[in-house]
Amino acid sequence: NLANGATLELGSNLTDLRISLRYAPAFGDSYRIVSAGGSGHYSGSFRNLPGSGSIISAAFAGQAYSLQIAYSGGGKFVDLTVLSPYQAWAYGKGLLGTDAEFDADPDHDGIANGIEFVIGGEPNPANPGSNSLNLLPQISVDETYLRVVYRRNNEALYLDPVIQYDADMAAAWTLAQAGVNGVTIAVVNDGFGPSIDRVEVRIPRSNEVAGKLFARLKASQ
């Protein structure tokens with residue numbers, strides 16, 4: 001807290017900021033670490049956080065958190081805000097502004113960012129491999145089941161991504177739950193590579209109506 005006339009020089013390439021969490025913060029929590037009142041003022045930036053938007057990581061109870069810094073242009077405050085895993089992912093992919101929104105599709109491959117996050121896709125058209133169509137859930141049918149196999153990024157587990165099914169797309173979707181209506185769910189840890197699980201959902205065709213059965217992957221913030 002900088003009172004009248006007090007100044008703080010953070011410098012440049014001089015001082016690092018270190019964070020030690022003592023409890024689990026909530027996504028969106030914000031902390032003011034420098035505050036200046038009256039004629040108080042600060043200048044400069046931390047060496048490891050050179051500008052607004054830079055991210056620092058910290059952990060509590062084995063859970064990693066990303067905190068994003070904001071420097072006041074008027075030299076009156078410095079804030080740290082806890083990002084959700086999705087926000088940290090979008091920042092790491094270089095997405096800014098509206099391109100970083102959960103429902104946005106900056107690479108125009110028909111897949112919203114939120115689903116790209118779940119399946120481990122690349123949403124930024126400036127990065128290699130941004131067309132993620134080959135990563136979408138795979139659906140197959142045999143005499144007994146409609147099978148859906150999808151990729152699930154461990155970082156997206158907090159979104160509780162799910163498979164839903166329906167025999168009439170105009171009606172309400174039904175959550176695929178193991179043991180309900182004969183549904184089975186099998187998860188292979190890291191089945192598609194490090195931190196990407198393989199999830200297979202089997203929905204009995206006895207849930208069909210007039211020979212029709214649909215399935216979709218849903219994720220919501």
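Reader: Hello! Which strand is Leu-10 found in?

Author: Welcome! Keep in mind as we go that this is a predicted model. The strand that covers residues 7-11 takes in Leu-10, and this strand is β1.

Reader: Is Leu-10 buried or exposed?

Author: The relative accessibility of Leu-10 is 5%. Buried means under 20%. Because 5% falls under that cut-off, Leu-10 counts as buried.

Reader: What is Leu-10 in contact with, and how many Å lie between the C-alpha atoms of Leu-10 and Tyr-42?

Author: Leaving aside neighbours within four places in sequence, the contacts of Leu-10 include Thr-15, Tyr-42, Phe-46 and Tyr-71. In sequence, Leu-10 and Tyr-42 are 32 residues apart. From C-alpha to C-alpha, the two are apart in space by 7.3 Å.

Reader: What is the order of the strands in the open sheet of four strands?

Author: Strands of a sheet pair through backbone hydrogen bonds, either parallel or antiparallel. In this sheet the pairing is antiparallel. The edge strands are β2 (30-35) and β4 (55-60), each pairing on one side only. On average, neighbouring strands here are turned by 30° against each other, direction ignored. Read across, the order is β2-β6-β5-β4.

Reader: Which residue is the bridge partner of Ser-57 in β5?

Author: β4 pairs with β5 (residues 63-71) in the antiparallel sense, over six bridges. In β5, the partner of Ser-57 is Ser-66.

Reader: Which residue of β6 stands opposite Ser-66?

Author: β5 and β6 also pair in the antiparallel sense, over six bridges. Five residues lie between the strands in their hairpin, where Gly-75 takes a positive phi near 70°. Opposite Ser-66, in β6, stands Leu-83.

Reader: And which residue of β6 does Arg-32 stand opposite?

Author: Here the pair of strands is β2 and β6, antiparallel over five bridges. In β6, the residue opposite Arg-32 is Asp-79.

Reader: Why is β6 described as largely enclosed?

Author: β6 spans residues 77-83. The rest of the structure largely encloses β6, because the buried residues among its seven number five.

Reader: At what angle does helix α1 run to β6?

Author: Helix α1 covers residues 85-92 and lies across β4, β5 and β6. Its angle to β6 is about 110°.

Reader: Which residues of α1 are buried, and what covers them?

Author: The buried residues of α1 are Pro-85, Tyr-86, Ala-88, Trp-89 and Ala-90. After α1 comes Gly-94, with a positive phi near 80°. The cover over the buried residues of α1 includes β5, β6 and α2 (113-119).

Reader: Which element gives the most to the lining of the largest pocket?

Author: The largest pocket holds about 230 Å³ of space. Its lining has 13 residues, and those nearest the centre are Gln-63, Ala-64, Ser-66, Pro-85 and Glu-155. At least two lining residues come from each of β5 and α1. With four residues, the element that gives the most is β5.

Reader: Is Glu-200 buried or exposed?

Author: Glu-200 lies in strand β12 (residues 196-204). Its relative accessibility is 17%. Since the cut-off for buried is under 20%, Glu-200 counts as buried.

Reader: Which side chains does the side chain of Glu-200 join in polar contacts?

Author: Leaving aside neighbours within four places in sequence, Glu-200 is in contact with residues including Val-148, Thr-184 and Ile-185. One polar contact, of 3.2 Å, joins its side chain to that of Arg-147. Another, of 3.3 Å, joins the side chain of Glu-200 to that of Arg-198.

Reader: What is the phi of Asn-181?

Author: Most residues other than glycine have a negative phi, and most peptide bonds are trans. Asn-181 sits in the loop between β10 (174-175) and β11 (184-188). This residue is partly exposed, at 43% relative accessible area. Asn-181 is not a glycine, yet its phi is positive, near 55°.

Reader: Is Ala-210 buried or exposed?

Author: The loop between β12 and β13 (214-218) holds Ala-210. Although not a glycine, Ala-210 has a positive phi of about 55°. Because its relative accessibility is 76%, and exposed means over 50%, Ala-210 counts as exposed.

Note on methods
Residues numbered from 1 in each chain as written. Heavy atoms only, no water. Pairing = 2+ DSSP bridges. Axes fitted to C-alpha atoms, helices over the stretch in contact; angles between N-to-C directions. Contact = heavy atoms within 4.5 Å. Buried < 20%, exposed > 50% of the residue type's maximum accessible area, 1.4 Å probe, protein only. Polar contact = N/O pair within 3.5 Å; in protein donor to acceptor, adjacent residues only side chain to side chain. 1 Å grid on protein atoms, 1.4 Å probe; cavity = no way out; pocket = protein on both sides within 12 Å on 5 of 7 lines; lining within 4 Å. Points joined across faces, edges and corners; volume = space filled by probe spheres on them.
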